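Thank you all for coming. Before I start, please take a moment with the sequence and the structure, and keep them in view while I talk.

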Amino acid sequence: MPPTEETGLLTHIDGVDEGTVRRKTVTRAVVRGTLLVVFAVALAVVLLYNDLGELAGKLPKDPHKAAAVLLDQAPVIDGHIDLPELIRTVYANNASAVELDKPTRGHVDIPRIRKGKLGGFFWSVYVDCPSDAGEEFINATWRVRDTLEQIDISHQLIEKYRETFELTLTAADITSAISRGKVASLLGVEGGHQLGNSLGVLRTYYALGVRYMTLTHVCHNAFADSSGLFTGIEPLHHGLSPLGEALVYEMNRLGMLVDLSHTSDDTALQALNISRAPVIFSHSAARALHDIPRNVPDEVLKKVGTGPGQQDGVVMVNFYPAFVSDHPDEADVSTVADHIDYIASVTSRKHVGIGSDYDGIETTPIGLEDVSKYPALIAELYIRGWGKRDLAGLTGANLLRVKAGAEQVALQMAREGALPAADIYEKRPDLPSRRDH
Ligand SMILES: [Zn+2]
């Protein structure tokens, strides 16, 4: 059988003639050439992400050219994009009806991803807080089904556009995918209300590829207190419940990042205190610049770091005008840059990132209208004196450090023989409580 596109040259092993040998030689040369190109690209990306930027040359003076050069070597890894929610609400989760290779109604499509040099992002598999769970969260809701559907639609679209996207699970996967020109795709669950009060569900989400979970959305749940949104809400647990502490342990053990966006200050402080692994705030701005409970206060920011009494982490700044400005209509690139600068001034430039919330927000800042606009933000910070390493940290290296750190903690806990948490929600009527066995 002659080699065809289906069988490929490497499967043609019947009879060796000169033609075959020539083809094999050509194939080897092509493979070698491709590997060299891949290696060169990988080297460029890894260099900037690994804080060795001086070896990759100076950035041009022109801020827009500088942003383009920087992003070619250290593209943005966005902590929070709500594309799956848009697919649910606009397309009823029909992947065949979605055309991401053409302009969409939202903030995200493949042409704009490429224009904005977005190298990776967390697909938020969000579903909203239930209104019918009851005061003790024990009524049945559809949130686990709906979360599974959001995971499914993300998997379907990553597969449908596999020339562009690649499902990535580890920090090494992310840099590998980016070095091959792929958009690294991770999944994040946005609230403990999506767990059905169950750590078994958490483990199942992990098995399906989920690599962070926000402890709460805008409602309290069985694990932890939320911050509320624009006005505060009465605390329930005053931070983490005992089950919430078990949740943080289990996330550490799995290597799933603990996300503290949306949580109350007490929840964030307690989680920072007990988590063995670095944490993230996947999409949060600074309360000092815009005073709403949803934003992170200095008291919490001061606990993010690598000094005594601190935990490593990255605060990925949200773009939503109503979160970043007292005058949302006037919010622009500079307003978002102010939040990044401020958070860096309280923590350091090693603890900031980008978590736009695109496709999850009704309005956007002037100049940051969609995923094609990240270069404008990088140019603004370059004008403000941010150097190449700082910018590469902001765009992706800080997140990669934290992600790898959480993976290391999981390995360490496995070496220590840490067992899966068997804690159950004490209000559940369907299982014997812990004291019964
Ligand atoms: Zn959110």
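Let me begin with a question: is the crossing of α7 and α8 left-handed or right-handed? The crossing of these two helices is right-handed, and I will come back to the pair in a moment, once I have said what kind of model this is. What you have in front of you is a predicted model, and every value I quote is computed from it.

First, the overall picture. The protein chain holds 14 helices and 9 strands, and of its 437 residues, 49% count as buried. If we take the contacts between residues at least 6 apart in sequence, 74% of them join residues at least 24 apart.

Now back to the helix pair. Helix α7 covers residues 199–207 and helix α8 covers residues 242–254, and the two pack with their axes 11 Å apart, at an angle of about 25°. Angles under 35 degrees count as roughly parallel, and α7 and α8 are therefore roughly parallel to each other. On the α7 side the residues that meet the partner are L199, L202, R203 and Y206, while α8 contributes A246, L247, E250 and L254. Sorted by type, the residues of this contact divide into 6 nonpolar and 2 charged, with no polar ones.

Helix α8 also appears in the surroundings of α9, which is made up of residues 265–274 and in which T267, A268, Q270, A271 and L272 are buried. These buried residues pack against α8, and also against β6, β7 and α10.

Let me turn to the strands, starting with β4. All of β4 is covered, in the sense that 7 of its 7 residues are buried. V183, S185, L187 and V189 point one way from the strand, whereas A184, L186 and G188 point the other way, and both sets are buried. On β4 we can also look at the pairing: strand β2, residues 118–124, runs parallel to β4 and is joined to it by 5 bridges, and strand β3, residues 165–167, also runs parallel to β4, with 3 bridges. S185 is a useful residue to find on your screen, since F121 stands opposite S185, and L167 stands opposite S185 as well.

If we leave β4 and move towards α7, we pass through a loop that contains E190. Is E190 buried or exposed? A residue counts as buried if 20 or more other C-beta atoms lie within 10 Å of its own, and E190 has 30 within that distance, so E190 is buried. Setting aside residues up to four places away in sequence, E190 touches S124, Y126, T214 and H217. For H217, which is 27 residues from E190 along the chain, the C-alpha atoms of the two are separated by 6.2 Å.

Finally, I would like to show you β8, residues 313–317, where 5 of the 5 residues are buried. Both faces are covered, with G313, V315 and V317 on one side and V314 and M316 on the other. β7 and β8 run parallel and are joined by 3 bridges, with V279 standing opposite G313. β8 is also joined by 3 bridges to strand β9, residues 352–354, and these two run parallel; here G353 is the bridge partner of M316.

That is the tour I had planned, and I am happy to take questions.

How values were computed. Residues are numbered from 1 along each chain as its sequence is written. This is a predicted model: local features need pLDDT of at least 70, side-chain atom pairs count only at pLDDT 80 or more; totals for chains, interfaces and linings use all residues. Axes are lines fitted to C-alpha atoms, for helices over the stretch in contact, and angles run from 0 to 180 degrees between N-to-C directions. Helices (H or I, at least four residues) and strands (E, at least two) are DSSP runs, numbered from the N terminus. Angles under 35 degrees count as roughly parallel, over 145 as roughly antiparallel, 65 to 115 as roughly perpendicular and the rest as oblique. A crossing is left-handed if the near helix is turned anticlockwise from the far one by less than a right angle, and right-handed if clockwise. Two residues are in contact if their C-beta atoms, placed from the backbone, lie within 7 Å. Ala, Val, Leu, Ile, Met, Phe, Trp, Tyr, Cys and Pro count as nonpolar, Asp, Glu, Lys and Arg as charged, and the others, Gly among them, as polar. A residue is buried if 20 or more other C-beta atoms lie within 10 Å of its own, exposed if 12 or fewer, and partly exposed in between; C-beta atoms are placed from the backbone. Two strands pair if DSSP finds at least two bridges between them.
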